[in-house]
Amino acid sequence: MSLGGKVAVVTGAAKGIGKAIAEIFLQNGAKVVLLDVDEPAGKSLKYDLDQQFGEDRSLFMKCSVESDEDIKAALQSTVDIFGSIDILCNNAGILKEDDWEKTISINLGGVIRMTYTALEHMNKRSGGQGGVVVNTSSVAGLDPLLSCPAYSATKHGVVAFTRAMAAASSASEYGIRFNVICPVRVQTDFFSSVSQNFGRFSHLLGALQKSSERALDPSEVAECVLDLVMDEMKNGETVLLSQSGKKYVTFPQNLW
Ligand SMILES: NC(=O)c1ccc[n+]([C@@H]2O[C@H](COP(=O)([O-])OP(=O)(O)OC[C@H]3O[C@@H](n4cnc5c(N)ncnc54)[C@H](O)[C@@H]3O)[C@@H](O)[C@H]2O)c1
Ligand SMILES: CCCCC[C@H](O)CC\C=C/C=C/C=C/[C@@H](O)[C@@H](O)CCCC(=O)O
């Protein structure tokens with residue numbers, strides 16, 4: 001899939017990995033809708049992107065992935081202004097073990113909420129043009145991290161939801177591919193805000209130290225997302241992204 005003229009929606013786009021995904025899509029010719037709850041950071045990024053790519057290439061909308069109302073309004077505005085939704089990156093996420101219900105609501109609920117509403121616009125069977133969804137999970141979605149069980153559960157959920165949606169979409173002829181990336185630690189603000197949020201298992205943080213030898217750059221994650229968007233053969237893929245590169249994860253088959 002060439003990105004020229006395509007429309008991408010990215011959640012959690014104001015900072016970190018989401019920002020890097022938005023930038024690489026713009027560099028490759030797409031129009032990008034930046035969704036985030038952080039309005040100052042989103043507006044500031046939009047200003048910077050306007051200087052680099054032109055005002056008509058991106059939109060910023062304040063949108064919480066916890067809110068059906070926000071999501072419906074943001075996706076309808078996207079279609080009204082840019083004409084379609086071709087690419088969706090469900091990337092917004094938090095880690096607050098001491099508020100695990102919010103962590104579930106954003107990290108897993110947000111992915112499901114956003115996906116189901118976007119399907120109404122993208123699904124070929126309901127007049128959409130098809131497209132591709134790439135979700136941001138984590139290495140914690142494949143190998144549960146002992147310091148953050150609830151976060152790990154949400155990220156396992158994102159992997160499962162993506163794989164099930166890929167199969168459901170193919171079987172239903174929606175024309176939408178679904179893939180998921182599972183990065184190890186990435187150099188973003190994520191860790192500056194999570195350190196106080198481990199709650200009852202904060203004493204176990206040190207056990208993760210060896211995994212933190214080299215944090216990935218957000219651009220490395222964005223390149224991996226771009227590959228999954230552009231390669232039309234990729235559907236239902238789970239990609240582990242670590243310091244040694246990317247690895248397509250395989251799962252047991254025919255269990256029942
Ligand atoms: N940084 C890492 O080490 C790492 C590793 C693996 C996976 N991840 C995942 O990558 C994703 C992005 O993380 P990051 O490192 O860029 O973090 P980040 O904190 O830099 O960025 C996350 C963005 O999500 C936004 N956000 C939070 N709640 C939201 C909501 N309800 N609705 C919309 N936007 C919301 C924040 O405002 C922020 O801009 C997350 O899903 C995270 O779990 C991060
Ligand atoms: C801490 C886990 C949060 C999960 C975030 C990602 O989804 C997965 C990242 C993969 C590996 C994590 C390594 C963590 C290392 C820690 O020892 C430490 O460096 C984290 C620092 C947090 C703090 O500032 O206290």
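Here a student asks about a few labels used for this predicted model, and the author explains them.

Reader: Why is Leu26 called buried?

Author: Its relative accessible area is 3%. Buried means under 20%, so with 3% Leu26 gets that label. You'll find Leu26 in helix H1, which covers residues 16-27.

Reader: What makes Val32 a contact of Leu26?

Author: Contact means heavy atoms within 4.5 Å, and Val32 is on the list for Leu26 along with Leu49, Phe53 and Arg57. That list leaves aside the neighbours of Leu26 within four places in sequence. As for Lys6, 20 residues apart from Leu26 along the chain, the two C-alpha atoms are separated by 9.9 Å.

Reader: How do you know that Asp36 makes a polar contact with ligand 1?

Author: Look at the distance: a polar side-chain atom of Asp36 lies 2.6 Å from an oxygen atom of the ligand. The cut-off is a pair of N or O atoms within 3.5 Å, so the Asp36 pair counts as a polar contact. Asp36 is also one of the residues that come nearest among the 28 around ligand 1, as are Ile17, Tyr151, Val186 and Thr188.

Reader: What about the side chains of Lys15 and Lys155?

Author: For Lys155, a side-chain N or O atom is 2.8 Å from an oxygen atom of ligand 1. For Lys15, the matching value is 3.4 Å. Both values are within 3.5 Å, so both pairs count as polar contacts.

Reader: What makes the space lined by Thr11, Val65 and others a cavity?

Author: In a cavity, a 1.4 Å probe fits but cannot get out. A search of the whole structure finds one cavity of 30 Å³ or more, and about 30 Å³ of space lies in the largest cavity. The lining also includes Asn90, Asn91, Ala92, Ile106, Gly110 and Val111. Helix H4, residues 100-122, gives the largest share, three residues.

Reader: How many residues in that cavity lining are nonpolar, and how many are polar?

Author: Four are nonpolar, four are polar and no charged residues turn up. Gly counts as polar, so Gly110 goes in the polar group.

Reader: And what makes up the lining of the second largest pocket?

Author: Seven nonpolar, four polar and one charged residues. Arg counts as charged, so Arg163 in the lining belongs to the charged class. Others there include Phe251, Pro252 and Trp256. About 250 Å³ of space lies in this pocket.

Note on methods. Residues numbered from 1 in each chain as written. Chains lettered and ligands numbered in written order. Predicted model: local features only at pLDDT ≥ 70, side-chain atom pairs only at ≥ 80, totals over all residues. Heavy atoms only, no water. 1 Å grid on protein atoms, 1.4 Å probe; cavity = no way out; pocket = protein on both sides within 12 Å on 5 of 7 lines; lining within 4 Å. Points joined across faces, edges and corners; volume = space filled by probe spheres on them. Helix = DSSP H or I, 4+ residues; strand = E, 2+ residues; numbered from the N terminus. Buried < 20%, exposed > 50% of the residue type's maximum accessible area, 1.4 Å probe, protein only. Near = heavy atom within 4 Å. Polar contact = N/O pair within 3.5 Å; in protein donor to acceptor, adjacent residues only side chain to side chain.
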